[in-house]
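User: I am in my first year and would like a close look at a single part of this structure, with its surroundings explained step by step. Please take your time and then connect that part to the rest of the chain.

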Amino acid sequence: MEIDFSKIEKKWQKKWEDGKIFEVKENPKKKKFYVLEMYPYPSGSGLHIGHAFNYTIGDIIARMKIMQGFNVLHPMGFDSFGLPAENAAIKAKSHPKIFTEEAIANYITQQKALGITYDWRRMVETHKPDYYKWDQWIFLKMFEKGLAYKKKSSVNWCRMCGTVLANEQVKNGACWRHEDINVEIKQLEQWFFKITDYADELYEKIDTLENWPDRIKAMQKNWIGKSHGTEIQFEINGEKWPIFTTRPDTIFGVTFMVISAQHPRLMELVTNEQKKEVEKFLKKLKSTSEKELADLEKAGVFTGSYAINPITKEKVPVWAGNFVVADYGAGMVMAVPAHDQRDFEFAEKYEIPVKIVIQPEEHLSPERMTEAYTGSGKLVNSEGFDGLHNEEAKEHIAIYLKEKKLGKKVINYKLRDWLISRQRFWGTPIPIIYCDKCGIVPVPEKDLPVKLPDNIKFKSEKNPLIDNKEFVNVKCPKCKGNAKRETDTMDTFVNSSWYFFRYCDAKNSKEIFEKKKTKYWMPIDLYIGGAEHACMHLIYFRFYTKFLRDLGLTDLDEPTQNLFNQGMIHGEDGFVMSKSRGNVIDPLDVSKKYSADTLRMFLVSVSSPDRDSSWSSTGIESMHKFVNKFINFVLEIKKGKSSEKAESKINKAIKEITNDIEGMQYNLAIIKIRQLTDSLSEEKEISKKDTEKIIKIITPFCPHIAEELWEKLGNKSFISLEKWPVADEKKINEKLEEQEKAVESLIGDINNVLKIVGEKNKVSIYVIPKEKEIYEDATETIRKKTNLDVSIYSVNDKDKYDPENKSKKAKLGKPAIYLE
């Protein structure tokens, strides 16, 4: 029969919306389940196939949990601040809000077309003042606690854009928009969040995240980078600099120091004689991400200053280098070229002496060294510590430094404070006022939100807030004198660091959220999103949860114990989908051609949802045929009494498919649904009750056709709200299942032989006497699946047809066959 999928989809989407069936509220009598996919940035190009995949993954588990009686919170919102909308506004001389809200409207239409169970009343849009008011409130709380602060920082600056660029926006030292403009390294006053105050807890609690992918936990541990070491006081120009090292055993081998070329205090160490050289070097500096540091060609320049080694009292030169991170430790390292390859390469390039202080059994000499010796050995040239094994020496030297008040043991972290300032318009305004008399003054809470103005003009890519007098010029909240607003806006990762709390109480205008509501819904029971967020969003949202806990707003240490990283869907050519390759698949086009249910089912059928997969035109065609087959099966099968075999198969499928959905192995669940449909198609009749169970188990995957079939069986309720079937294990006949496996194995054997010997017309099957009935009952199935005339004989049957004496080969569970 011809099926109008589009009509069915619109009908049920309207009924769900009119019936408000996915709207939920707190209910202490019901067990909750909070499933959340990371909310999207609403781009102008709309939903792509990766989005459809992501939302389908969450919706399948949400639908099963609803049917299992859980109170399911499944919200959606939009991470709606960001650079693309601002760039579009600059081009069109318009306002980013226009582009953003058009894109959101488009997204909502597309998401609803997929049949997702979202409670749309809870939608958050981060560009709306009723949301970003609370971003500003959190900022003020951090400011109160000393966690929001301003300091000078090295930034990438594009003079054409008139703004700071993220490291990711710098390509080969040039601006990503203006490839002919070299990016400058500037020292600017920037706002930071002191995430490092939470570094230890962020690191230690990683091991409590039981159901997070191991690779994400490893990436976070590496990013936070906990190191046990020693802080040693080096004197430079009369001032003590605390230098962190994990190798105090090499202190006697220090022959130079290296300060980061991006250090805010670098020029304080530069002598007049070296100033021109240093400035010349700094102009050549390219912005480099930490990932690129390891492969970077080491370069530097002498500052003119010297440091005093606290143990040897030797003076060693201080160089500025491009390979030291400005805000790790003191932003300066002690260099031991004999025992560190990076230092060795630098020393070799600039002809700096090398001093060996760890000797292996095979004797080393500086003259013959072609690379640093980084192994273990005994200390030499280390007065008072010679002869000690270097691992033992670490402890002895650390104790000596402590006793002499020259150093101490410390724990250091690679994690650096979070720079949140952005010189852009389309972001959350930072709620700070600058007064010549009072200094930095926070905006009073009663004056929140500080709103972005609507009457702005983009004259260039420069932040238009700077020239907006109505926005900038204000009265100081303290002295009432003339003052100016901060014109930087916040990094958009700020918005996404707490949105999951707001979903619990999205329309609250009096407080950020009601604790009672978040206590009911939080933590997130299943959080779904890409692994690319491992070291940004997935660290920031943990940090925010801990901060909100310390404010007394939640009792949670972590936002979720269950993180699921979905795989990526590549084009049919195996490459990442991109417009330039012409391999992009539009989910709405697919839905129109085949149906939303076909798309949903296909997306999760190709492989496990956490694995990458490729689009397949034949695969979507095949799934569409199956969806049609399933509909026709349900409508055409006679509703009567189920056989024992059918009951066994249905209950076994319910048990296994439930476990597969719980375990996020949707592809296995779909295989079993297809097998069940094929198997039951051979039945003469099935009870109405069993037919309903079959429709229920396909509901999470194909909700629209499930509702339609449920209605056609005479039901008035929504199948989406019906009880999920529970397997009656007493009706699962394992013996029967084993027998069927044996028959399938035999069919496979026959078809494999046919591939070798070619076309035949008839098969004679020889079986052990006690198994004859099993195979006789399956005669019709064997005939259908092999296209052969079938004769079944017992091996002890005197009248059997056996021209080649094949029956002698028959074994228990392994019949013999003769083809002709």
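Analyst:
**A serine ahead of a helix**

In this predicted model, Ser616 sits in the loop that runs between strand 27 (613-614) and helix 19 (617-636). A good way to begin is to ask what the side chain of this serine meets. The side chain of Ser616 makes a polar contact, at 3.1 Å, with the side chain of Thr618, and a polar atom of the Ser616 side chain also lies 2.8 Å from the backbone nitrogen of Gly619. Both Thr618 and Gly619 have numbers that fall within the span given for helix 19 (617-636). When neighbours within four places in sequence are left aside, Ser616 is in contact with Glu572 and Phe602.

**From the serine to Ile569**

Another residue to consider is Ile569, which belongs to strand 26 (residues 569-570). Not counting residues up to four places away in sequence, Ile569 touches Ser613 and Trp615, and its other partners are Ile49, Phe53, Met577 and Leu603. Is Ile569 buried or exposed? With a relative accessible area of 9%, Ile569 counts as buried, because buried means a value under 20%. The C-alpha of Ile569 is 13 Å from the C-alpha of Arg600, and these two residues are 31 places apart in sequence.

**A second loop residue, Glu683**

Glu683 can be read in the same way as the serine, by its place, its contacts and its cover. Glu683 is placed in the loop between helix 21 (666-680) and strand 29 (685-686), and its side chain makes a polar contact of 2.7 Å with the side chain of Ser643. Apart from residues up to four places away in sequence, the residues that Glu683 touches are Ile637, Ser643, Lys645 and Ala646. The relative accessible area of Glu683 is 15%, so this residue counts as buried. Between the C-alpha atoms of Glu683 and Ala113 there are 35 Å in space, while 570 residues separate the two in sequence.

**Backbone angles to look for**

Some backbone details are also worth finding in the view, and a general remark helps in reading them. Most residues other than glycine have a negative phi, and most peptide bonds are trans. Lys313, found in the loop between strand 11 (300-308) and strand 12 (315-321), has a positive phi, near 65 degrees. Met664, in the loop between helix 20 (644-662) and helix 21, also has a positive phi, near 60 degrees. As for their cover, Lys313 is exposed, with a relative accessible area of 55%, whereas Met664 is buried at 8%.

Two peptide bonds that lead into prolines can be examined next. The bond from Leu448 to Pro449 is cis, with omega near 0 degrees, and Pro449 lies in the loop between strand 20 (439-442) and helix 13 (469-472). The bond from Met522 to Pro523 is likewise cis, with omega near 5 degrees, and Pro523 is in the loop between helix 15 (515-521) and strand 24 (526-529).

**Cysteines without a bond**

Why does a search of the whole structure find zero disulfides? Two cysteines show the reasoning, which needs the cut-off that a disulfide is a pair of cysteine sulfur atoms within 2.5 Å. The cysteine sulfur closest to that of Cys438 belongs to Cys479 and is 3.7 Å away, so it is too far for a bond. For Cys479, the closest cysteine sulfur is in Cys435, at 3.6 Å, and this pair is therefore too far apart for a bond as well. Cys438 counts as partly exposed, at 26% relative accessibility, and Cys479 is partly exposed too, with a relative accessible area of 28%.

**The chain around these parts**

Finally, the whole chain gives the setting for these details. The protein chain holds 26 helices and 32 strands, and its C-alpha atoms fill a box of roughly 110 × 75 × 50 Å along the principal axes. Of its 820 residues, 55% count as buried. Among contacts between residues at least 6 apart in sequence, 75% join residues at least 24 apart. The chain exposes about 38,400 Å², of which carbon and sulfur atoms supply 49%. Its 130 positive and 123 negative charges have mean positions that are 4 Å apart.

Key
Residues are numbered from 1 along each chain as its sequence is written. This is a predicted model: local features need pLDDT of at least 70, side-chain atom pairs count only at pLDDT 80 or more; totals for chains, interfaces and linings use all residues. Side-chain values use heavy atoms; hydrogens and water are left out. Helices (H or I, at least four residues) and strands (E, at least two) are DSSP runs, numbered from the N terminus. A polar contact is a pair of N or O atoms within 3.5 Å; within protein, one must be able to donate a hydrogen and the other to accept it, and residues adjacent in sequence count only if both atoms are side-chain atoms. Contact means heavy atoms within 4.5 Å. Buried means under 20% relative accessible area, exposed over 50%, partly exposed in between (1.4 Å probe, protein chains only). Accessible areas come from the Shrake-Rupley method with a 1.4 Å probe; for residues, only the protein chains shown count as cover. Lys and Arg count as positive and Asp and Glu as negative; His and the chain ends are not counted. The place of a charge is taken as NZ of Lys, CZ of Arg, CG of Asp or CD of Glu.
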